Amino acid sequence: MHRWDRGLDIVVEGTATPATDPHVLQRLADAWATKWDGQWRYRVDDGRLQRTHEAAGGAAGTGGDAIVFRVLPTKILTFGRAPFIQTRHTF
């Protein structure tokens with residue numbers, strides 16, 4: 001439940017570049033499969049993640065590449081609520 005008086009907002013500024021390292025992509029594919037009890041499954045294919053799970057509505061189990069980006073941060077802003085705080089980190 002979203003509330004205006006609780007939580008933490010984080011803003012990351014920086015340069016986004018495609019993540020194509022097969023080891024990084026495999027770690028992400030494994031993490032998503034674990035987090036979502038196997039409902040989100042990907043295999044690494046040519047610097048992308050290839051969907052192998054069924055899409056919403058039961059569509060075919062293949063197709064739908066996921067292009068992953070990584071952000072090299074130059075600035076991170078955080079805004080906390082209850083207590084109300086804010087901070088900035090620059091790199």
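## Exercises on salt bridges, a sheet and a core

Glu13 and Lys75 form a salt bridge whose closest N and O atoms are 3.7 Å apart, the term meaning a side-chain nitrogen of Lys or Arg within 4 Å of a carboxyl oxygen of Asp or Glu. The model is predicted, so that local features need pLDDT of at least 70 and side-chain atom pairs count only at pLDDT 80 or more, while totals for chains, interfaces and linings use all residues. Residues are numbered from 1 along each chain as its sequence is written, and side-chain values use heavy atoms, with hydrogens and water left out.

**Exercise 1.** Work out which parts of the chain the salt bridge of Glu13 with Lys75 ties together.

*Solution.* Glu13 lies in strand S1 and Lys75 in strand S5, so the pair joins parts that are 62 residues apart in sequence; strands here are DSSP runs of E with at least two residues, numbered from the N terminus. Next, consider accessibility: Glu13, at 34% relative accessibility, counts as partly exposed, as does Lys75 at 23%, where buried means under 20% relative accessible area, exposed over 50% and partly exposed in between (1.4 Å probe, protein chains only).

**Exercise 2.** Find the salt bridge that Arg81 forms, and decide whether Arg81 counts as buried or partly exposed.

*Solution.* The partner of Arg81 is Asp9, with the closest N and O atoms 2.6 Å apart. Arg81 belongs to strand S5 and Asp9 to strand S1, and 72 residues separate them. Arg81 counts as buried because its relative accessibility is 16%, whereas Asp9, at 36%, counts as partly exposed.

**Exercise 3.** Describe the sheet that contains S1 and S5.

*Solution.* The sheet is open and has three strands in the order S1-S5-S6, with antiparallel pairing. Its edge strands, each pairing on one side only, are S1 (7-18) and S6 (85-90). S1 and S5 (residues 69-81) are paired over twelve bridges in the antiparallel sense, two strands being taken as paired if DSSP finds at least two bridges between them. Within this pairing, Ala16 has Val71 in S5 as its bridge partner.

**Exercise 4.** Identify the residues of the largest nonpolar core, and then list what Tyr42 touches.

*Solution.* The core has seven residues, namely Ala19, Leu25, Ala29, Tyr42, Leu49, Ala66 and Val68; such a core is a set of buried Ala, Val, Leu, Ile, Met, Phe, Trp, Tyr and Cys residues joined through side-chain atoms within 4.5 Å. Leaving aside residues up to four places away in sequence, Tyr42 touches Ala29, Trp32, Leu49, Gln50, Arg51, Thr52, His53 and Ala66, contact meaning heavy atoms within 4.5 Å.

Conventions
Helices (H or I, at least four residues) and strands (E, at least two) are DSSP runs, numbered from the N terminus.
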